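Subject: Structure for you to look at

Dear colleague,

I am passing on the structure we spoke about, together with some notes on what turned up in it. Please open it alongside this message and follow the notes as you turn it on the screen.

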2 protein chains.
Amino acid sequence: MPVAEFELIQRYFSRQDKNDQDLILGIGDDAAMISKDSTTDYVIAVDTLNKGVHFPVNTSAQDIAYKALAVNLSDMAAMGASPRFVTLSLSLDDNNEQWLADFSQGLMQTLDEYGVSLIGGDTTQGPLSISVQIIGEVDKGKALLRSGAQVGDKVYVSGTIGDAALGLDLLLNNKLDPGNSDHQYLRNRLNRPTPRVALGKQLAGIAHSCIDISDGLLADLGHIMERSHCGARVYIDQLPVSDSYKLTTDDLSFALSGGDDYELCFSVAAENEQKLQTLSRELGISLTCIGEIIADKELQSIDARGEQVEIHQQGYQHFGAEE
Amino acid sequence: MPVAEFELIQRYFSRQDKNDQDLILGIGDDAAMISKDSTTDYVIAVDTLNKGVHFPVNTSAQDIAYKALAVNLSDMAAMGASPRFVTLSLSLDDNNEQWLADFSQGLMQTLDEYGVSLIGGDTTQGPLSISVQIIGEVDKGKALLRSGAQVGDKVYVSGTIGDAALGLDLLLNNKLDPGNSDHQYLRNRLNRPTPRVALGKQLAGIAHSCIDISDGLLADLGHIMERSHCGARVYIDQLPVSDSYKLTTDDLSFALSGGDDYELCFSVAAENEQKLQTLSRELGISLTCIGEIIADKELQSIDARGEQVEIHQQGYQHFGAEE
């Protein structure tokens, strides 16, 4: 419940931060920050995956372990932080040794891949649930925040968006053809999203604002708008969608409103666009300008004919006719 | 599944720590530790409570919020650390506004009581589950570890033990009489355990080893023995039990094997026993010597007649005859 989540946290759990000099950033961004030493802050995020809610019931243990880490690594990417440590809280409904062995293997592989240490945790009895807390670090003053967007900034997204939501849609509607390589690609994007850690670290110092796309492009860009007190204009014909996406559907709503891609959405000053091209080449990640930050506190969607169209953040609207 | 938990973590999630100078202490104690600055370490623990497993289904939202924090605060106490920050991961099965309002109130009250800031978290859909991650701090080299016990140390426990397990037993067997003030006391000890934060901080620098009693005295003392490569002798007629406990049962097994009291079990050199008496008076917490650390790697239980009796860590054995 992505939007409800935001409202719930706002209503019941956010309040004036205590006057604590070690608390650098509290509730409201991709992660919190506490002071480490005179040059560095620790960056802290937590994300929980529940069976049947965040992954289909028959997802493999390795894929679940991967994704539980990936969504947290993505929060570090969105802050421009280097992931360092994780703790794991694992609720298990039964003592399936094979499942645990597979889960553990998937977890350790991914930890190694990103150079992160598992430092603690607990296992408890209960419906399958995986809660990972991650701790990263970032140079003081260099973290990427949702609140830093400036009017005139260009809005970018990394990679392609909508793949994961489209893969989930195929899966849930029993339309996923295992022999179809495009379908396989989309499912893999759902189960194995790539956290953009290297990109996030490079964007620290270049981008003005950043968020990872977990709730959907429009919802997450909305979070930047709210925290930065601004609006945005999005050119929907510029949204980067994959070939597999295009070959599977002409419905753009997955790219606009589907979550779970864990690409980065960020804003940069126009004079830094050149740096992004270099960065894109170095990292081998496409970076696509999809719009700009505007002063009016609204989201304007512009179609291929340059006309403003009405779109809604929630639900899957159909825009195929504009393609 | 307290014992299974330990085995699972050992088997699947512990491995050689990375060579990371900021990682002070990994898996295997009440909490992990990472370096803050030249004088201080951050101490990190996570504990999850699941409905029907860690609290009876009809437990009030305030009590659940209290306990979710208390078990984590207790981990800080066991390390001798000062709690500073928490993150909350909350899985909710429905959007019950009244429940959320009550939960939030209970959480905020307890945070204020202990001077701790809520800095982040997430809410997700799923069976009711509350995962709290806590971050405290402790002076470098001063943390209380499970691994520091020395042969000849006296073994102490704070407060009284077995109350919570006895309260739970009454509750689960429908024997709890709401008009009985002793039963109320025991249930309150279950729902509202007192994390011994002030005591833990004072013990840092006095005690050689420490753990909080969450799995039961014998199991938790066993963790100290394992990590300190030693054994212990326990005088079971010395176990501190409350008047309400004595008036309700003569079965000592709740005190020996029942968890959830969140008292501290710690070992001190004999020459520091005098300091404990002063500390006990200052804090208004009883501190009772229940045994000593021995070289033989076994747990010896001594009854009132000075004879060794056989007890088992698991299950509820009956020792009333010895009283």
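A good place to begin is chain B, where the elements that cover the buried residues of helix α4(B) include α5 (181-191), α8 (243-248) and α9 (253-257) of the same chain B. Please keep in mind throughout that this is a predicted model. The buried residues of this helix, which spans residues 163-172 of chain B, are Asp163(B), Ala164(B), Ala165(B), Leu166(B), Gly167(B) and Leu170(B). Just beyond the helix, Asn174(B) adopts a positive phi of about 55°.

In chain A, you may like to look at helix α5 (residues 181-191), in which Asp182(A), His183(A), Leu186(A), Arg189(A), Leu190(A) and Asn191(A) are buried. These buried residues of α5(A) pack against α2 (61-79), α4 (163-172) and α8 (243-248) of chain A. At the start of α5(A), a side-chain oxygen of Asn180(A) comes to within 2.8 Å of the backbone nitrogen of Asp182(A). As general background for reading such lists, an α-helix has 3.6 residues a turn, so residues three or four places apart point the same way.

Turning to how the two chains meet, 62 residues of chain A are in contact with 61 residues of chain B, and between them the chains bury about 5500 Å², 58% of it on carbon and sulfur atoms. Across this interface the rule finds 6 salt bridges, one of which joins Asp22(A) to Lys36(B), with the closest N and O atoms 3.5 Å apart. Between chain A and chain B there are also 18 residue pairs in polar contact, counting pairs with both residues at pLDDT 80 or more. On the side of chain A that touches chain B, at least two residues each are supplied by α1 (2-13), β2 (32-35), β3 (40-50), β4 (82-92), α3 (97-114), β5 (117-125) and β6 (129-139) of chain A. By class, that side of chain A has 28 nonpolar, 20 polar and 14 charged residues.

How are the two copies related? A rotation of 180°, with 0.0 Å of shift along its axis, superposes chain A on chain B with an RMSD of 0.0 Å, and the two copies are thus related as by a two-fold rotation axis. Of the interface residues of chain A, 98% are also interface residues in chain B, so the copies meet through the same surface.

With best wishes

Note on methods
Residues numbered from 1 in each chain as written. Chains lettered and ligands numbered in written order. Predicted model: local features only at pLDDT ≥ 70, side-chain atom pairs only at ≥ 80, totals over all residues. Heavy atoms only, no water. Contact = heavy atoms within 4.5 Å. Buried area = accessible area lost by both parts, 1.4 Å probe. Salt bridge = Lys/Arg side-chain N within 4 Å of Asp/Glu carboxyl O. Polar contact = N/O pair within 3.5 Å; in protein donor to acceptor, adjacent residues only side chain to side chain. Helix = DSSP H or I, 4+ residues; strand = E, 2+ residues; numbered from the N terminus. Nonpolar A, V, L, I, M, F, W, Y, C, P; charged D, E, K, R; others polar. Least-squares fit on C-alpha atoms with pLDDT ≥ 70 in both. Buried < 20%, exposed > 50% of the residue type's maximum accessible area, 1.4 Å probe, protein only.
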